[in-house]
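Colleague: I'm new to this one and would like a close look at a single part, with enough around it to get my bearings. Could you take it slowly and keep it informal?

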Amino acid sequence: MTPLLLAWCLSQAPLSTPPSPLPSAGVPEAVSPGSEPVEVKLFAQFVDRHLLAVGASGSGMEVRQRERVFRIQDDDFETAFTLVPEALSLARVAHDDFVLASRLQIVGLSVVSAALAATVVATLVRTLILPLLVASLIGSGVGLVLSLVALPFALSAQTKFFSAIGTYNHGLLELRPPLNPLGGGLTLALP
C-alpha cells in the first residue's frame, strides 16, 4: 500500500518546475542600439575617423588612419598625431630618431663598402697593398662604429613610435568633441 501511495503522490507533482522570477531591482535592462544618445553616436564616429592602427610593411613602420597611411620616414608623419599634444611630441622624437638612425646606417654601410673596395683594389695593385689594407681596416672600423651608434637611435624610434600611438589612441578617447555650433540659441558667459 505504501508504494501505491508514493506512486500516486509522484504522479500528481508537475514534471518540470517553472523558474523562479528574479528580482528586477538589481538587473539592468538591455539598451537597444537605436536608443543611444546622439552625442554617443557622434563621438563613436569621431573616434572611428581618427583612431590609429599600427601597420608594418617592407618600407618600414606605418600608421593607418582610415584610408590614410603615415610612414615613420615621411615628413608628414607627425600630422597623424595633431589631436593629442603629448603624442605629437613623441611622434616628432620617433621621426627624428628614425631619420638619424637611417642616415647613420647608410653612411656606415657606405664606409664599409668603400673599405671592401679598397681591399679588392689592394689585391690588384701590389705596390699599394699596405696603405690600402690599413685604410680598409680603418674604414671598416669607422663603418662598424657608425652602424653601432645608429642602433640606440633605431631602438628609441621604435619605442617612441609605439608610445606615440598608445598615447594618441588613449588621449583620443578622452577628448571631447566640440559642441554643435548649429544648436542655435545665444551663448552668454555667466559670471
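What relative accessibility does Leu-128 have, and does Leu-128 count as buried, partly exposed or exposed? After that, please walk me through strand β2 and whatever touches on that story.

Modeller: Happy to. Keep in mind that this is a predicted model.

Your Leu-128 first. Leu-128 has 45% relative accessibility, so it counts as partly exposed; the class of partly exposed residues runs between 20% and 50%. You'll find Leu-128 in the loop between α3 and α4. Leu-128 also has company: together with Leu-116, Val-120, Val-121, Leu-124 and Val-125, Leu-128 makes a nonpolar surface patch of about 540 Å². Residues need over 30% relative accessible area to be part of a patch, so a partly exposed residue can still fall short of that cut-off. Leu-128 does not, since its figure is 45%.

Now to strand β2. This strand covers residues 60-65, and 5 of its 6 residues are buried, so the rest of the structure largely encloses β2. Follow the chain into β2 and you come from strand β1, residues 53-57, which pairs with β2 in the antiparallel sense over 5 bridges. The two make a hairpin, with 2 residues between them. If you want a landmark for that pairing, look for Ala-53, which stands opposite Arg-64 in β2.

Arg-64 has a partner in another strand as well: Val-69 in β3 stands opposite Arg-64. Strand β3, residues 68-71, runs antiparallel to β2 and is joined to β2 by 4 bridges. Here too the strands form a hairpin with 2 residues between them, and in that hairpin Arg-66 takes a positive phi near 55°.

One resident of β3 is worth a quick stop. Arg-68 sits in β3, and at 44% relative accessibility Arg-68 counts as partly exposed. Its C-alpha atom is 9.0 Å from that of Ala-80, which is 12 residues away along the chain.

Back to β2, and to the charges. In a regular strand the side chains alternate between the two faces of the sheet. Side chains of opposite charge can pair when their charged atoms come close. The residue to find is Glu-62, which has its place in strand β2. At 2% relative accessibility, Glu-62 counts as buried, because buried means under 20%. Glu-62 forms a salt bridge with Arg-64, and the closest N and O atoms are 2.9 Å apart. That side-chain pair also shows up as a polar contact, at 2.9 Å.

Glu-62 has another salt bridge, with Arg-71, where the closest N and O atoms are 3.6 Å apart. Both distances pass as salt bridges because the cut-off is 4 Å. The structure holds 2 salt bridges, and Glu-62, Arg-64 and Arg-71 are linked in a network of salt bridges. How do the arginines fare for exposure? Arg-64 has 39% relative accessibility, so it counts as partly exposed, and Arg-71, with a relative accessible area of 28%, is partly exposed too. Glu-62, remember, counts as buried.

To finish getting your bearings, go past β3 to the aromatic rings. The structure holds 4 aromatic pairs. In one of them, the rings of Phe-77 and Phe-161 have their centres 5.9 Å apart and their planes at 25°, so this pair is stacked. Phe-77 belongs to the loop between β3 and α3, Phe-161 to helix α4, and they are 84 residues apart, so this is a link between distant parts of the chain. Phe-77 and Phe-161 are both buried. Phe-81 and Tyr-168 pair edge-to-face, 5.7 Å centre to centre with 85° between the planes. Because Phe-81 lies in the loop between β3 and α3 and Tyr-168 in helix α4, their pair ties together parts 87 residues apart in sequence. Phe-81 is buried at 0% relative accessible area, and Tyr-168 is buried at 0% as well. Phe-77, Phe-81, Phe-161, Phe-162 and Tyr-168 form one aromatic cluster.

Notes
Residues are numbered from 1 along each chain as its sequence is written. This is a predicted model: local features need pLDDT of at least 70, side-chain atom pairs count only at pLDDT 80 or more; totals for chains, interfaces and linings use all residues. Side-chain values use heavy atoms; hydrogens and water are left out. Buried means under 20% relative accessible area, exposed over 50%, partly exposed in between (1.4 Å probe, protein chains only). Two strands pair if DSSP finds at least two bridges between them. Rings of Phe, Tyr and Trp (its six-membered ring) pair if their centres lie within 6.5 Å; planes under 30 degrees apart count as stacked, over 60 as edge-to-face and the rest as tilted. A salt bridge is a side-chain nitrogen of Lys or Arg within 4 Å of a carboxyl oxygen of Asp or Glu. Patches are made of residues with over 30% relative accessible area and no salt bridge: like charges are joined within 9 Å, nonpolar side chains (Val, Leu, Ile, Met, Phe, Trp, Tyr) within 5 Å. Accessible areas come from the Shrake-Rupley method with a 1.4 Å probe; for residues, only the protein chains shown count as cover. A polar contact is a pair of N or O atoms within 3.5 Å; within protein, one must be able to donate a hydrogen and the other to accept it, and residues adjacent in sequence count only if both atoms are side-chain atoms.
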